[in-house]
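Colleague: May I put some questions to you about this structure?
Modeller: Certainly; let us look at it together.

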Amino acid sequence: MSRPFKRLMELEKLFGVDLLPASKKAAPRAPTPGRVEEPSEWSALRKEVTACTRCEELASTRTQVVFGVGSTTAPLMFVGEAPGEDEDRKGEPFVGRAGQLLTATLRKCGVSRSQVYIGNVLKCRPPGNRTPAPQEMIGCMPYLLRQIRLIQPKVLCVLGNVAAKALLNTTLGITKLRGRYHDFQGTKVFAAYHPAYVLRNMNELGTFEEDIRRACVDAGLLR
Ligand code: URA
């Protein structure tokens, strides 16, 4: 068995999701005529995530699950760490101060939030905005992987260390990873600083803006 194939099988087992190309699996059955249509995979996923209680602590402290926002056919998908207080209250990712910086940077490029997809590694706010625990990331990753598989973005932009570590098999920090392309199972992954980091280090604003613009260009949203 080839190594990439074996690695996909290992990831499937770890995260409990389908990652292998359809041709390596049994062909899906044709729909039975006259049967009520199944809910789309996307709405089924949203329903499942919204009811999730895998992480007892997060499920009991959250106001609501923050599933993600934007176009489900977007060529560019952003992945952050986890909802903060504002996101937990509004049910939408990246709407607090860091989110406003991301939105403003996109707008400066002439790109709106509705043209991209924005999500997080964790769908629930960790209390006090603490860093996600490894078990929480393992529990929540299958949802993100299913979102990525359904959206199939041309460019996946990871924002900050947590998202980069979750998707890239690396021990390198975001300073080394940013501004470059990496691979996640055939999807092009571009790494950029997390906007919350940029808010604390405003000397990195230019770098952040350049990175976001490049991701938009490479995704085909800009020339
Ligand atoms: N930080 C994140 O990583 N995600 C959000 O949704 C908001 C802040």
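**Cysteines and the ligand site**

Modeller: The sulfur of Cys124 has its closest cysteine sulfur in Cys140, at 6.3 Å, which is too far for a bond. Please keep in mind that this is a predicted model.

Colleague: Is Cys124 buried or exposed?
Modeller: Residues under 20% relative accessible area count as buried. Cys124 has a relative accessible area of 11%, so Cys124 is buried.

Colleague: How many disulfides does the structure hold?
Modeller: A disulfide requires two cysteine sulfur atoms within 2.5 Å. Cys216 is in no disulfide, since its nearest cysteine sulfur, in Cys109, is 4.7 Å away. Cys216 is also buried, at 0% relative accessibility. For the structure, the number of disulfides is zero.

Colleague: Which residue has a polar side-chain atom 2.8 Å from a nitrogen atom of the ligand?
Modeller: The residues surrounding the ligand include Glu81, Ala82 and Asn120. Glu81 places a polar backbone atom 2.7 Å from a ligand oxygen atom, and Ala82 has a backbone N or O atom 3.0 Å from a ligand nitrogen atom. The side-chain contact at 2.8 Å comes from Asn120.

Colleague: What percentage of the ligand's accessible area does the protein cover?
Modeller: On its own, the ligand has 240 Å² of accessible area. Of this area, the protein covers 91%.

Colleague: How many residues of the shell around the ligand are charged?
Modeller: The ligand sits in the second largest pocket. In the shell around the ligand, three residues are nonpolar and three are polar. Glu counts as charged, and the shell includes Glu81 and Glu87. The number of charged residues is two.

Methods:
Residues are numbered from 1 along each chain as its sequence is written. This is a predicted model: local features need pLDDT of at least 70, side-chain atom pairs count only at pLDDT 80 or more; totals for chains, interfaces and linings use all residues. Side-chain values use heavy atoms; hydrogens and water are left out. A residue is near a molecule or strand if one of its heavy atoms lies within 4 Å of it. A polar contact is a pair of N or O atoms within 3.5 Å; within protein, one must be able to donate a hydrogen and the other to accept it, and residues adjacent in sequence count only if both atoms are side-chain atoms. Accessible areas come from the Shrake-Rupley method with a 1.4 Å probe; for residues, only the protein chains shown count as cover. On a 1 Å grid over the protein atoms alone, a cavity is a set of points where a 1.4 Å probe fits but cannot get out, and a pocket is an open set with protein on both sides within 12 Å along at least five of seven lines; lining residues have an atom within 4 Å of a point. A molecule sits in a cavity or pocket if more than half of its atoms lie within 2 Å of its grid points. Buried means under 20% relative accessible area, exposed over 50%, partly exposed in between (1.4 Å probe, protein chains only).
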